[in-house]
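User: Could you walk me through this one, with the sheet and the packing before the aromatic rings?

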Amino acid sequence: MTVRFKGTELRPVLAEAVANQCRVILVKDQGVYFLAECGERRPDGRQKTIAYAAGCNPDVDAFDDWWELACAEFGGDDFGEFFDPQEGVFARILRSEDDLDVSATATHLSLQAVPPTPSGN
């Protein structure tokens, strides 16, 4: 099982991290998402630019649905994992139209750039 991050949503997060010379963080808590370590904040204090995994956005997906998907892929514990936005798969995402698939085992995260799926899928 994997979760998918749409490249169209992930690229602004990566670009913000590059511009701010910071890392990106993969977070599992209230959803599953990427954000820049040093990003612009909204008036309510939340990060302004966030890329949620498809199906794991608590603002649009039903709690039971996103919670079940997040726990199935990443387990029950909350976490944050830091990455350099200018290396590896993130560099490819920045200069392509690709999406990002993320899967996990008990000890490893796997990130893979994949061609985007047509809209509606």
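Analyst: What follows goes through the sheet, the helices, the core and a few side chains, and it should be read with the caution that this is a predicted model.

User: Fine. What is the strand order in the open sheet, and how do the strands pair?

Analyst: The open sheet has 4 strands in the order β4-β3-β2-β5, and the pairing is antiparallel. Averaged over neighbouring strands of this sheet, and with direction ignored, the turn of one against the next is 20 degrees.

User: Which strands stand at the edges?

Analyst: The edges are taken by β4 (50–52) and β5 (79–83); each has a single partner strand, so one side of each is left without a neighbour in the sheet.

User: How many bridges join β2 to β5, and how many pair β2 with β3?

Analyst: There are 5 bridges between β2 and β5, which run antiparallel, while β2 and β3 pair over 6 bridges, again in the antiparallel sense. The connection from β2 to β3 is a hairpin through 1 residue.

User: Can you give me the register, say, what stands opposite V27 in β5?

Analyst: V27 stands opposite G80 in β5, and L26 has E81 as its bridge partner in that strand. Towards β3, I25 is bridged to L35.

User: And where do the helices go, i.e. which strands do α1 and α2 touch?

Analyst: Helix α1 packs on the sheet and touches β2, β3 and β4, with its direction at about 35 degrees to that of β3. Helix α2 also packs on the sheet, where it touches β2, β3 and β5, and its direction makes about 115 degrees with that of β2.

User: Is β2 mostly covered or mostly open, then?

Analyst: Strand β2 is mostly covered, with 5 of its 6 residues buried.

User: There's a lysine in there, K28. Buried or exposed?

Analyst: K28, which lies in strand β2 (residues 24–29), has a relative accessibility of 1% and therefore counts as buried.

User: Odd place for a lysine, so what does the side chain of K28 reach?

Analyst: The K28 side chain reaches two backbone oxygens, that of G75 at 3.2 Å and that of D77 at 3.4 Å. Once neighbours within four places in sequence are set aside, the residues in contact with K28 include W67, A70, C71 and F74, together with G76, D78 and F79.

User: Changing topic to the hydrophobic core. Which residues of the largest nonpolar core touch the most other members?

Analyst: That core holds 26 residues, and the ones touching the most other members are F5, F34 and L100. Two or more residues come from each of β1 (3–5), α1 (7–19), β2, β3 (31–36), α2, α3 (88–94) and β6 (99–104).

User: What is F5 in contact with?

Analyst: Leaving aside neighbours within four places in sequence, the contacts of F5 include L10, L26, V32, F34, A51, A53, L100 and V102.

User: Which residues does the second core include?

Analyst: The second core is separate and has 5 residues, among them I25, V27, Y33 and L35.

User: Now the rings. How many aromatic pairs does a search of the whole structure find?

Analyst: The search finds 9 aromatic pairs. In one of them, F63 and W66 have ring centres 5.3 Å apart and planes at 80 degrees; the pair is edge-to-face because planes over 60 degrees apart are classed that way.

User: Where do F63 and W66 sit relative to each other along the chain?

Analyst: F63 and W66 are 3 residues apart in helix α2 (residues 63–74), so about one helical turn separates them. Their exposure can be given too: F63 is partly exposed at 48% relative accessibility, whereas W66 is buried at 2%.

User: What about F83 and F90, what is their geometry?

Analyst: The ring centres of F83 and F90 are 5.3 Å apart and the planes are at 55 degrees, so this pair is tilted. F83 counts as buried at 18% relative accessibility, and F90 is buried as well, at 3%.

User: Which residues do ring pairs link into a cluster?

Analyst: Ring pairs link F83 and F90 with F5 and F34 into a cluster, and F5 and F34 were also named above among the residues that touch the most other members of the largest core.

User: Last one: is D64 buried or exposed?

Analyst: D64, a residue of helix α2, counts as exposed at 56% relative accessibility. The C-alpha atom of D64 is separated by 17 Å from that of Y33, which is 31 residues away along the chain.

How values were computed. Residues are numbered from 1 along each chain as its sequence is written. This is a predicted model: local features need pLDDT of at least 70, side-chain atom pairs count only at pLDDT 80 or more; totals for chains, interfaces and linings use all residues. Side-chain values use heavy atoms; hydrogens and water are left out. Rings of Phe, Tyr and Trp (its six-membered ring) pair if their centres lie within 6.5 Å; planes under 30 degrees apart count as stacked, over 60 as edge-to-face and the rest as tilted. Buried means under 20% relative accessible area, exposed over 50%, partly exposed in between (1.4 Å probe, protein chains only). A polar contact is a pair of N or O atoms within 3.5 Å; within protein, one must be able to donate a hydrogen and the other to accept it, and residues adjacent in sequence count only if both atoms are side-chain atoms. Contact means heavy atoms within 4.5 Å. A nonpolar core is a set of buried Ala, Val, Leu, Ile, Met, Phe, Trp, Tyr and Cys residues joined through side-chain atoms within 4.5 Å. Two strands pair if DSSP finds at least two bridges between them. Axes are lines fitted to C-alpha atoms, for helices over the stretch in contact, and angles run from 0 to 180 degrees between N-to-C directions.
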